[in-house]
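Here are my notes on the structure you sent. Please read them with the coordinates open.

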Amino acid sequence: MLPENTVLPESTVGGAHRARTALRICPLCEATCGLTLTIEGRTVTGARGDREDVFSKGFICPKGASFGELDADPDRLRAPLVRRGGRDGELAEASWQEAFDLIAVRLRPLIEEHGAQSVGVVLGNPNVHTMAGALYPTALLGALGTRNLFTASTLDQMPKHVSSGLLFGDPFAIPVPDLDRTDHLLLLGANPLESNGSLCTAPDFPGKLRALRKRGGTLTVVDPRRTRTARLADRHVAIRPGTDALLLAALAQVLCEEKLTDLGRLADHVEGMSEVHDAIRDFTPEAVAPACDMSAGEIRAIARELAAAPTAAVYGRIGSCTVEFGTLASWLVDVLNILTGNLDRPGGALFPLSATDRAPRTPAPGKGFALGRWTSRVSGHPEAKGELPLSALAEEIETPGDGRIRAVIALAANPVLSAPDGDRIDRALAGVDFMVSVDPYLNETSRHADVVLPPPPPAQSAHFDFAFNGFAVRNQVRYTPAAVPLEDGGLDEGEILARLILAVSGMHGAAPSAVDEMVIDRTLGKAVADPDSPVHGRDPKELSALLTGRTGPERRLDLMLRLGPYGDGFGAEEPSGATGTSGTADAEGLCLDRLLERPHGIDLGPLRPRVPALLRTRSGRIELLPAPIAADLPRLRRALAARPASLVLVGRRHLRSNNSWLHNIPALSGGSNRCTLQIHPDDAARFGLAEGRPVRISADGGSLEAPVEITDAVRTGVVSLPHGWGHNRPGTRTSVASARPGVNVNQLLDGSRLDPLSGTAVLNGFPVELSPTDR
């Protein structure tokens, strides 16, 4: 592998172009694979897997292979847009100065007149795939002072954050299955052969599952569809959608009833065992089996196999999160890992330790995790992890009164497609006083903005995975600088967000670096005051002067690496990466310069046990039955007697897609990436449906039509429609997506179905009705 940005000999084709290669971590899904880009001039002409990448080792999927096409998409915005002539005016290209001037002139006075809560901030999924999206939103929220934060988390993984916060005291302490060493994997509501994994960062997830089976391990997949992942499994359980929590409770009940529990080394760090046993006593396999549409014998067999395996891990994802009992299901996943002694042990489910983790190095009780510290204005939804349900955004805009949201800032967010009842959100956004979108496209949401600020193409952006390294199945650290210089007049995404922060905070015109230096000063101030810090008692100004990096984000990354668990501690006598932390000398004394010397990354070793040091509960122990969980269990108990709907809908993943933001890439369109309603042959016959013909689907929020795809890959009583489609609204500039718009499955929902603990929308397992159309 050639070093980064090596210039290769002049091309023999035409003789006029010079090609070079550059490394880039792929930002298109959670697998974070390393890419080797081929670049001619400023154009990415090819992308292949980086075989020397310490984590992905050359793996690449169709999304990564299409990197160049995404980078050069002619529909990407290359300059800011501003709306002239009021809210009914047209969007037109403008200079960066004009765009930020308009934000300062319009937004700051609105806040001063109506208060901080008059602004709502919406963060979309792509934010966790960029450095800027990880580094700046907290400062933006601080500058605004608003509590009206809505993110894609309440359409996805918030139940896991809530259950982890309640169990371990930290909502980001999410254990991941030790895929490379486990003997038994029980996987619920996940299809990593299509999604590449989620809240479990694992390049070549398919290869890891095949390796599990090749070494004699067992894979059990629980999913109402026979997905590609299910076809690989030793056992596929086609469960009735939405009943994952009942199944998991029954598995735990069997373990307790048959005395198959063994907490292992965690025995002294867990409280609430007897309380959990009592709480799940009613969830016997016999009681649960009818609701799950399984046999009691099969439930008992799965529980016994889990207990008997030398090592095992239970892993649940979006299919078990975006349902009526999402938080209970997420909690029970870890209860099972704990009861079988597989939490925090090699081959089980372990907690990653990223290079920028700031967890305390010594065990100590923490502040714990609280829900509902404030509530939404209209419906009184409790906050979770500082966020309100995205399903509540429209009512907070539309409902008159003090605290009404009058302005919206959307960062890489498209709630018109991603949230329930997009039509209502569409109308609400059209009625706000002012809106800013940071987005590379004029899409279904950003078309409502008064100012659109487009970040540069990904090849022109540096990359570090602040979020996903915390969910990685192996500890590692990688950083790739921008592969292509910024276009003339272009701004880096970090500078865009820094200028936005200055514009809304009354500091418009100050140097963007002021935002980064303010964060650095605040972080160093806390670090030198912390007795547990390697820089305790030192001079913050002296430490700041030691930071390297050409940009504010790089200086901040250097700071986080130095203060992290493998860092050099700014030359402290005992660096924070103490011997034995990682099992590799490469982990010692980490800083940005060391990382730049290793362009393919640094391997920090396999995951290792971290309990009790990571626990931040008030008791300093794993609190197995937190009060909010105990209070919600009666609702699950009532589900045992509920009459199941005759037909329910679930979503599905596509390998060539990621929510709503990759449908404009020709290389990723077509094939299996289609917006069809999958239905079992028996159900198709029952409703009189024919292959390829349209069918009307109706639910709480309305109805829509989609073409029928008849397949026995979906069980009876279930239909499947993918998420992220519906690109047929006027005023967008996404030509490829608009030519194959599909329909927005979330329009079937009115936003009233939520998991009460996390505020997460129920996007799977909700009842629908079908009727043939005459067309």
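1. Start with the surroundings of Thr201. Beyond its neighbours within four places in sequence, Thr201 is in contact with Glu30, Ala31, Thr32, Phe55, Phe468, Phe471, Ala472 and Val473. This is a predicted model. Thr201 sits in the loop between α7 (192–195) and α8 (205–214). Is Thr201 buried or exposed? Its relative accessibility is 0%, so Thr201 counts as buried. Its side chain also has a polar partner: a polar atom there lies 3.1 Å from the backbone oxygen of Phe468.

2. Next, the aromatic pairs. The count is four. In one of them, the ring centres of Phe464 and Phe466 are 4.8 Å apart. Their planes meet at 55 degrees, so this pair is tilted; the edge-to-face class needs over 60. Both residues can be checked for burial. Phe464 has 1% relative accessibility and counts as buried. Phe466 is buried too, with a relative accessible area of 12%.

3. Two arginines lie over tyrosine rings. Arg76 is over the face of Tyr441, 6.0 Å from the ring centre. Arg556 is over the face of Tyr136, at 4.9 Å from the ring centre.

4. Arg556 leads to helix α22, where it is one of the buried residues. The helix covers residues 552–563. Does its length agree or disagree with the expected span? At 1.5 Å a residue, twelve residues should span 16 Å; the end C-alpha atoms are 17 Å apart, which agrees.

5. How much of α22 is covered? Eleven of its twelve residues are buried, so the helix is mostly covered by the cut-off of under 20% relative accessible area. Among the buried residues are Gly552, Pro553, Leu557, Leu559 and Leu563. Charged side chains are on the list as well, including Glu554, Arg555, Asp558 and Arg562. The buried residues pack against α4 (131–135), β19 (474–477), α20 (513–529), α21 (540–546) and α23 (592–596).

6. The N-terminal end of α22 is capped by Thr551. A side-chain oxygen of Thr551 lies 3.2 Å from the backbone nitrogen of Glu554.

7. Last, the sheet. Seven strands form an open sheet with mixed pairing, in the order β29-β22-β26-β23-β25-β24-β30. Its edge strands are β29 (766–767) and β30 (769–772), each pairing on one side only. Within the sheet, β22 (residues 648–650) and β26 (residues 718–720) run parallel and are joined by three bridges. Which residue of β26 stands opposite Val650? That residue is Ser720.

Terms used: Residues numbered from 1 in each chain as written. Predicted model: local features only at pLDDT ≥ 70, side-chain atom pairs only at ≥ 80, totals over all residues. Heavy atoms only, no water. Pairing = 2+ DSSP bridges. Helix = DSSP H or I, 4+ residues; strand = E, 2+ residues; numbered from the N terminus. Phe/Tyr/Trp six-rings, centres within 6.5 Å; stacked < 30°, edge-to-face > 60°. Buried < 20%, exposed > 50% of the residue type's maximum accessible area, 1.4 Å probe, protein only. Lys NZ or Arg CZ within 6 Å of the ring centre and 35° of its normal. Expected span 1.5 Å × (residues − 1). Contact = heavy atoms within 4.5 Å. Polar contact = N/O pair within 3.5 Å; in protein donor to acceptor, adjacent residues only side chain to side chain.
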